[in-house]
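Here is the note you asked for, set out as numbered points to be read with the model open beside the text.

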Amino acid sequence: MNRIAAASYPPDRNWPLVASGAVLGCVGVGVIFALAVLLGPMSAATGWSRGALSSAMTLAFLSMGVGGFVWGALSDRIGPRKVVLVGSLLLGLACVLASRSATLWQFRLTYGVLMGVAVSSFFAPVIAATASSFEKRRNIAISLVSAGVGVAPMTMSPLVAWLVSHYDWRQTLLIVGLVAWALTLPAVWFVRASPIQEPTSPTADATVANAGQALRSRAFIVLAVTYFACCAAHSGPIFHTVSYAVGCGLAVTTAVTIYSMEGAAGLGGRILFGLMADRLGAKPVLVAGLLIQAVAAVSYLSVSQLNGFYAVAIVFGMAYGGTMPLYASLAREAFSPQILGLVLGAAGMLSALGMALGPLLGGWLFDRYGSYTWMYIGSMAVGLGAASIALWFPSKRKPREPETLQALPQEG
């Protein structure tokens, strides 16, 4: 970067925001997935079926999709800190109220709807603030924020498991709510955006600054459809691979470790892809990641032993984990920071639909054909489609260097 360009951008210094975003994501996702640990004890204590209890998780993800859109748009108006503060208060409150639920519908309302709305405040607003605050290291900064999600299974889940082994599910949820407040409320203080000053050169790229124009633009349509297809492609294999491995003869306890391997690889993929995108650009790294994800998904059909599953899980996990943060970076290249929360919230809502669609179609295909073969083939096809769509995202044009303009021969 030349001296003039460097002067246009202040140094990337908002690392406290990155750290707080990682904490918020870890706690938020960890609290939602606490239900997976509490499912058995709750069912035994209340008599509610596991399927009925699991519906609270479905409601949570649907609420996250809608809530992300609303919170993202609101953060553009009032700032991310106020939005995250409200979400943090609601998160602890949702746990406390869920712990007092006397009926199933009360639990669905508190743990499902209210908690989903609360957790969604931690994503689009914080990611938008991070994307607006970094220039040179934008991709790795966003990747580190999203890495908090990958840490959740290694931190919050063991904590919940320990608590439920010493207390009943109601006391456990109450304690989890207090822990959520203790961790997220201090992190809110560091959620402050420091948007990079836009280049003032007339040759610099123009970003879309109008909300209505943004949601109708080619950049948003390509971004949102790619995001949807990407999530639809990997959510089916994520959800059903344990069942597929059990069908191949692996024990359930052993098959679950495949999911853990995917999660650990996804954490590494976020960092690796973020570093690569800072050097090569977000678009080519995203397209490459989507291609790898598609090939890795169908590769599950070629393995039947644990070592083979681990090998595929590492590649698949790195690919889907690494690509997810890159959508925010691409959005920042095309849209003004003033509407970035809205854009990411709208795209995130479609990605949530993709996440919900994959497991549903995977289960339907298994019921229809008696195997997961068509699910993995379909995941590959949708993944290849996502990579093809991503190629249509407008490439970022580099402005002409001022020194180059001055070096041109003068007439006369």
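**Notes on the predicted model**

1. Both Glu135 and Arg138 are buried, and this is worth setting beside the fact that they form a salt bridge, with their closest N and O atoms 2.8 Å apart. A search of the whole structure finds 1 salt bridge. Please keep in mind throughout that this is a predicted model.

2. As for the overall make-up, the secondary structure of the chain comes to 18 helices and 0 strands. The chain has 412 residues, of which 49% are buried, and its accessible surface amounts to about 18400 Å², with 68% of that area belonging to carbon and sulfur atoms. Among contacts with a separation of 6 or more, 85% are accounted for by residues 24 or more positions apart.

3. The largest nonpolar core holds 88 residues, and those that touch the most other members are Val31, Leu91, Phe107, Met115 and Phe335. Helix α11 (residues 218-247) gives the most to this core, with 9 residues. Apart from it lies another core, of 20 residues, which includes Val312, Ala313, Leu365 and Met375.

4. Phe107 deserves a closer look, and its contacts, not counting residues up to four places away in sequence, include Leu35, Met42, Trp48, Leu53 and Ala56, together with Ala98, Ser101 and Gly112. Trp169 and Leu173 are also touched by Phe107, and these two residues are likewise among the contacts of Ser99, which touches Arg170 and Leu174 as well when residues up to four places away are left out. Ser99 is found in helix α5 (residues 80-99), and it counts as buried because its relative accessibility is 0%.

5. Asn139 lies in helix α8 (residues 138-166) and, with a relative accessibility of 7%, counts as buried. Which polar partners does the side chain of Asn139 have? A polar contact of 2.8 Å joins it to the side chain of Ser329, and it also reaches the backbone oxygen of Ala277 at 3.5 Å. Leaving out residues up to four places away in sequence, Asn139 touches Gly274, Ala277, Asp278, Ala282, Leu326 and Ser329.

6. Two of those contacts of Asn139, Leu326 and Ser329, belong to helix α15, where they are buried along with Tyr327, Ala328, Leu330, Ala331, Arg332 and Ala334. Since 8 of the 9 residues of helix α15 (residues 326-334) are buried, this helix is largely enclosed by the rest of the structure.

7. Met349 lies in helix α16 (residues 340-369) and is partly exposed, with a relative accessible area of 28%. Leaving aside neighbours within four places in sequence, Met349 is in contact with Gly65, Val66 and Phe69. The C-alpha atoms of Met349 and Phe61 are separated by 9.7 Å, although the two residues are 288 residues apart along the chain.

8. On the surface, Trp15, Leu144, Ile271 and Leu275 form a nonpolar patch, and together they have about 310 Å² of accessible area. Leu275 lies in helix α12 (residues 252-280), and at 47% relative accessibility it counts as partly exposed. In soluble globular proteins, nonpolar side chains tend to be buried together, and a reader may wish to keep that general point in mind when looking at this patch.

How values were computed. Residues numbered from 1 in each chain as written. Predicted model: local features only at pLDDT ≥ 70, side-chain atom pairs only at ≥ 80, totals over all residues. Heavy atoms only, no water. Patch = residues over 30% accessible without salt bridge, like charges linked within 9 Å, V, L, I, M, F, W, Y side chains within 5 Å. Areas by Shrake-Rupley, 256 points an atom, 1.4 Å probe, with all protein chains shown as cover. Salt bridge = Lys/Arg side-chain N within 4 Å of Asp/Glu carboxyl O. Helix = DSSP H or I, 4+ residues; strand = E, 2+ residues; numbered from the N terminus. Buried < 20%, exposed > 50% of the residue type's maximum accessible area, 1.4 Å probe, protein only. Contact = heavy atoms within 4.5 Å. Core = buried A, V, L, I, M, F, W, Y, C linked by side-chain atoms within 4.5 Å. Polar contact = N/O pair within 3.5 Å; in protein donor to acceptor, adjacent residues only side chain to side chain.
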